[in-house]
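Here's a quick tour of a small set of topics: the fold, the core and the charged pairs. Have the structure open while you read.

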Amino acid sequence: MPLYEIAVIQKPSKKEAEEGAIEKLLVAPRPIMARDPLSAAMGAGRELDPSVDLNKIEVLVRSFGPQ
């Protein structure tokens, strides 16, 4: 299986951003083995607290080597 690096950030809502809120790192960059980028992103989702608003997160996936 290919190697990927994943990270998850939480973006503030428009109102929160106007009040000075900034992005938060929820999952620090880390390596993960997965079949494809979507599987890697789903692996990142398993690490999130259930109370996290999924509408405000961004999952970043970077591949290593040829795909």
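## Burial and overall build

A residue is called buried when its relative accessible area is under 20%, exposed when that area is over 50%, and partly exposed in between. By that yardstick, buried residues make up 22% of the chain's 67 residues. Keep in mind that this is a predicted model.

On the fold: the chain has two helices and three strands, and they come in the order β-α-β-α-β as you read along the sequence. Measured out along the principal axes, the C-alpha atoms fill a box of roughly 45 × 20 × 15 Å. Of the contacts with a separation of 6 or more, 64% are between residues 24 or more positions apart.

## Surface and charge

The accessible surface of the chain is about 4,900 Å², and carbon and sulfur atoms own 57% of that. As for charge, there are 9 positive and 10 negative side chains. The centres of those two sets sit 3 Å apart.

## The nonpolar core

In soluble globular proteins, nonpolar side chains tend to be buried together. Which residues form the largest nonpolar core here? There are nine: Y4, I6, V8, V27, I32, A34, A40, A44 and L48. Three elements each give two or more residues to this core, namely β1 (3-10), β2 (24-33) and α2 (37-45). The biggest giver is β1, with three residues.

A34 is a good core residue to click on. Leaving aside residues up to four places away in sequence, A34 touches M1, P2, Y4, S39 and A40. Two of those names, Y4 and A40, also turn up in the core list.

## Salt bridges around K11

The structure holds five salt bridges. In one of them, the side chains of E23 and K11 meet at 3.2 Å, N to O. This pair links distant parts of the chain, with E23 in the loop between α1 and β2, K11 in the loop between β1 and α1, and their positions 12 residues apart. Both ends count as partly exposed: E23 has a relative accessibility of 43%, and K11 comes in at 34%.

K11 also meets the side chain of E58 in a salt bridge, again listed at 3.2 Å, N to O. E58 lies in strand β3 (residues 57-64) while K11 is in the loop between β1 and α1, so this pair ties together parts that are 47 residues apart in sequence. Why does E58 count as partly exposed? Because its relative accessible area is 30%, which falls between the 20% and 50% cut-offs. Through shared partners, the salt bridges join K11, E23 and E58 into one network.

## E47 and R30

Another salt bridge brings together the side chains of E47 and R30, at 2.3 Å, N to O. Here too the pair links distant parts of the chain: E47 is in the loop between α2 and β3, R30 is in strand β2, and they are 17 residues apart. E47 is partly exposed, with a relative accessible area of 37%, and R30 is partly exposed as well, at 28%.

## A look at S13

S13 sits in the loop between β1 and α1 (14-18). Is S13 buried, exposed or partly exposed? At 28% relative accessibility, S13 counts as partly exposed. Compare its position with D36: the two are 23 residues apart in sequence and 30 Å apart in space, C-alpha to C-alpha.

Methods. Residues numbered from 1 in each chain as written. Predicted model: local features only at pLDDT ≥ 70, side-chain atom pairs only at ≥ 80, totals over all residues. Heavy atoms only, no water. Helix = DSSP H or I, 4+ residues; strand = E, 2+ residues; numbered from the N terminus. Buried < 20%, exposed > 50% of the residue type's maximum accessible area, 1.4 Å probe, protein only. Contact = heavy atoms within 4.5 Å. Areas by Shrake-Rupley, 256 points an atom, 1.4 Å probe, with all protein chains shown as cover. Lys, Arg positive; Asp, Glu negative; His and termini not counted. Charge placed at Lys NZ, Arg CZ, Asp CG, Glu CD. Core = buried A, V, L, I, M, F, W, Y, C linked by side-chain atoms within 4.5 Å. Salt bridge = Lys/Arg side-chain N within 4 Å of Asp/Glu carboxyl O.
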